[in-house]
Amino acid sequence: MAAAAAPTKTANIPATMRAVQYDACGGGATGLKHVEVPVPSAKKNELLLKLEAASINPVDWKIQKGMLRPFLPRKLPFIPVTDVAGVVADVGPGINGFQAGDQVVAMLNSFNGGGLAEYAVASENLTVKRPPEVSAAEGAGLPIAAGTALQALRTIGAKFDGTGQPLNVLITAASGGVGLYAVQLAKLAGLHITATCGARNVELVKSLGADEVLDYRTPEGASLQSPSGKKYDGVVHCTVGISWSTFEPVLATTGRVIDLTPNFTAILKSALHKVTFAKKLLVPLLVSPNKADLEFLVGLLKDGNLKTLIDSTFPLSEVSKAWEKSIEGHVTGKIIVEMGG
């Protein structure tokens, strides 16, 4: 008897789903609306996911605020959030590597969003399988935050195969969503880590692998100077409000500041460094999502070499509280929305 074909679709996909969207830019948490909308369908090389968890990143509310116009949001109303985990409910044409029932982590297309909903469509090339050792909430924290940390460290010269140099790295805002992943990844790469954070998180950041931790509210923290006098080969800059004149004296001869939230001034400064062949560089970084990085990060979680630290978890019905918390800042780790409630 021939083997049964792998299931391509789970039974009982509903016609409509609960979702949260905004109809206009601005409005913050009060601009979010709970709606019932049609369940999307998977097209070629796409998967329909039944979502279990999503994580909110600052870029999500910055898009709502209008800070990325005219690029995002592409159309209104808009269902925000891209970083999700769930179960494959249906597969579109051309999908070979997944079947209905697979547990996955995915980054949704930024132009379409869709993460604050019971179902969402993901591209096969930004979806990876999630092993049972990795919870939906842990996996949903990864795509933007851990992906950005990984790419920033690689830009500095970090390697994760044991062949890298023991570089000195500074991580600012080390207790935030990107920062906590960056500390752990820098430790895995064998780097010497100086980190800044608020006083309440100093011990946490040390426990994750930082060699030196500065309270950013102290004069020592504000100067960014390594207590052991080291100059930094690279800086993973996860916050705002620190000028180049503060970074420049603490950098090694060819040190680089990887700016994860570059403003117009930072982009101009970076361009100036390029045309003047400066040895010390400011490098704006926007994460370039890819499947290989996401698979690498999920593997680290599976093996216990990386943790997703969760600040707080909210049901979908209370998403406005999660949104407000992200906007307020001073979050330790990731904010997770679970679709069950």
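Before I turn to the pockets, one term: helices and strands here are DSSP runs, with at least four residues for a helix and at least two for a strand, numbered from the N terminus. Please keep in mind that this is a predicted model.

I begin with the second largest pocket, which holds about 630 Å³ of space. Its lining comprises 25 residues, and those closest to the pocket centre are Pro40, Asn112, Gly113, Gly114 and Val121. Which strands each supply at least two residues of this lining? They are strand S2, spanning 33-38, and strand S6, spanning 119-123. Of the contributing elements, S6 gives the most, with five residues. As to the chemical character of the second largest pocket, 15 of the lining residues are nonpolar, seven are polar and three are charged.

I now move from open space to enclosed space. Rolling a probe the size of a water molecule over the atoms shows where empty space is left. The count comes to three cavities of 30 Å³ or more. The largest cavity contains about 90 Å³ of space.

Which residues line the largest cavity? From the earlier part of the chain come Met107, Leu126, Pro143, Gly147 and Gln151, and from the later part Val287, Pro289, Asn290, Asp293, Leu294 and Leu297. Two helices, H3 at 142-156 and H9 at 291-302, each provide at least two residues of this lining. By class, the lining of the largest cavity has seven nonpolar residues, three polar residues and one charged residue.

Note on methods:
Residues numbered from 1 in each chain as written. Predicted model: local features only at pLDDT ≥ 70, side-chain atom pairs only at ≥ 80, totals over all residues. Heavy atoms only, no water. 1 Å grid on protein atoms, 1.4 Å probe; cavity = no way out; pocket = protein on both sides within 12 Å on 5 of 7 lines; lining within 4 Å. Points joined across faces, edges and corners; volume = space filled by probe spheres on them. Nonpolar A, V, L, I, M, F, W, Y, C, P; charged D, E, K, R; others polar.
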